[in-house]
Amino acid sequence: MGPLLSLALILLLAPGAASPASVGNPEDYAADEAERTAADNIVFDDYRGKGCVDDSGFVYKLGERFFPGHSNCPCECTEDGPVCDQPECPKLHPKCTKVEHNGCCPECKEVKNFCEYRGKTYKILEEFKPSPCEWCRCEPNNEVHCVVSDCAVPECVNPVYEPEQCCPICKNGPNCFAGTTIIPAGIEVKVDDCTICRCHNGDWWKPAQCLRRECLNGQSLS
C-alpha cells in the first residue's frame, strides 16, 4: 500500500473528521435569514373604522349585523366596533329546572311539575294526608295547600287520641267531674253514702250538680 493511500485512510477514519455532507452551504443560511426577515415584516390588515372581525376571523362591513362568537345577541358593525343588542329579557319561571342559552335571551325549557312537602314529592293535583288532621293538594303552581281538620269539642273530661285519627274521642261516652271522680253523664250517680251527683246536660266541663243528704255515721237518714 502506497504512502498516499495510507494517509487518505487515516484522514477518513480519524475522529472528528468532517464529511463533505456536513459542511454547511452558505446559500442555505441566506435563505433561512430571508424567511425570518419576511415573517417579521408581515403587516396584518387593520379594519378599525372600516369593518369588524368576529372570533372566527370573518370580516363584516360597517352597518352589517352579525353574531360574534362571544354573544348570542345580534351586533351591528360600527366605526367604534360591534354594538350588540341588549334586550330586556323576560324573567325565567322560578320553578324552571332547565335553561337554554342558545338565543339572545335565556329560555326556560322545563318547569318543575311536582311539589315538595316535608321532604317528599307529589305530582301536580295529587292529594295526600301528611298527618291524620291534614288534607293537602299539590297545586299547578307547584305549591302545596293544606286544610287542617276542625275537631269538635269532646263531650268528656278524659278524651283519648287513637292512632290514625285526627280528633280525640270519648271512649266511655260523655262524662264530667264530681269532685275528683269522673261520673257518666245522663244519670244520677251516688259518689258516696251521703252524696248523689249528676252532670249538667251538654255542659260537661262544669262540675257535676251534687245533692248532699243528712247522714249519721256515714248512713243516710232519708
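**Entry 1. Cys104 and its partner**

I started at Cys104, which is partly exposed with a relative accessible area of 27%. The model is a predicted one, and I kept that in mind throughout. I looked up the bonding partner of Cys104 and found a disulfide to Cys73, with the sulfur atoms 1.9 Å apart. The torsion about this S-S bond is about 95°, so I noted the disulfide as right-handed. The pair links distant parts of the chain: Cys73 sits in the loop between β3 and β4, Cys104 in the loop between β6 (96-100) and β7 (107-111), and 31 residues separate them. I then checked the cover on Cys73 and found 10% relative accessible area, which I entered as buried.

**Entry 2. Other disulfides**

I asked how many disulfides the chain comes to. The count is 12. I went through two further ones.

Cys75 is joined to Cys84, S to S 1.8 Å. I read 95° about the S-S bond of Cys75 and Cys84, a right-handed link. Cys75 has a relative accessible area of 0% and is buried, whereas Cys84 is partly exposed at 24%.

Cys89 forms a disulfide with Cys105, and their sulfur atoms are 2.0 Å apart. For the link of Cys89 and Cys105 I found -80° about the S-S bond, which is left-handed. This pair also links distant parts of the chain, with Cys89 in the loop between β5 and β6 and Cys105 in the loop between β6 and β7, 16 residues apart. Cys89 has 31% relative accessibility and counts as partly exposed. Cys105 counts as partly exposed too, at 22%.

**Entry 3. The chain as a whole**

I went to the totals next. The secondary structure comes to two helices and 19 strands. The chain has 222 residues, of which 18% count as buried. I noted an accessible surface of about 17100 Å², with 54% of it belonging to carbon and sulfur atoms. Among contacts in the chain with a separation of 6 or more, 19% are between residues 24 or more positions apart.

**Entry 4. Sheet β3-β4-β5**

I traced an open sheet of three strands in the order β3-β4-β5, paired antiparallel. β3 (65-66) and β5 (81-84) stand at the edges; each has a single partner strand, so one side of each is left without a neighbour in the sheet. β3 and strand β4 (residues 75-78) run antiparallel and are joined by two bridges. I looked for the bridge partner of Phe66 in β4 and found Cys75. Cys75 is the cysteine I had already entered as bonded to Cys84.

**Entry 5. Sheet β15-β16-β17**

I found another open sheet of three strands, ordered β15-β16-β17 and with antiparallel pairing. At its edges stand β15 (189-192) and β17 (209-212), each with a single partner strand, so each has one side without a neighbour in the sheet. The twist averages 30° from one strand to the next. I checked β15 against strand β16 (residues 195-198) and found three bridges, in the antiparallel sense. The bridge partner of Lys190 in β16 is Ile196.

**Entry 6. Hairpin of β8 and β9**

Strand β8 (residues 114-117) pairs with strand β9 (residues 120-123) in the antiparallel sense over four bridges. I looked up Cys115 and found that its bridge partner in β9 is Tyr122. The hairpin has two residues between the strands, and Arg118 takes a positive phi near 55° there.

**Entry 7. Glu134**

I followed the side chain of Arg118 and found a polar contact with the side chain of Glu134, at 3.1 Å. Glu134 has its place in strand β11 (residues 134-138). Is Glu134 buried or exposed? I read 12% relative accessibility, and Glu134 counts as buried because the limit is 20%. A polar contact of 2.8 Å also joins the side chain of Glu134 to that of Ser131. Leaving aside neighbours within four places in sequence, I listed the contacts of Glu134 as Tyr117, Arg118, Phe128, Lys129, Val147 and Val148.

**Entry 8. Ala152**

I ended at Ala152, in the loop between β12 (144-148) and β13 (175-178). Ala152 is exposed, with a relative accessible area of 62%. I took the C-alpha to C-alpha distance from Ala152 to Pro168 and got 8.8 Å, for a sequence separation of 16 residues.

Definitions and conventions
Residues are numbered from 1 along each chain as its sequence is written. This is a predicted model: local features need pLDDT of at least 70, side-chain atom pairs count only at pLDDT 80 or more; totals for chains, interfaces and linings use all residues. Side-chain values use heavy atoms; hydrogens and water are left out. Buried means under 20% relative accessible area, exposed over 50%, partly exposed in between (1.4 Å probe, protein chains only). A polar contact is a pair of N or O atoms within 3.5 Å; within protein, one must be able to donate a hydrogen and the other to accept it, and residues adjacent in sequence count only if both atoms are side-chain atoms. Contact means heavy atoms within 4.5 Å. Accessible areas come from the Shrake-Rupley method with a 1.4 Å probe; for residues, only the protein chains shown count as cover. Two strands pair if DSSP finds at least two bridges between them. Axes are lines fitted to C-alpha atoms, for helices over the stretch in contact, and angles run from 0 to 180 degrees between N-to-C directions. A disulfide is a pair of cysteine sulfur atoms within 2.5 Å.
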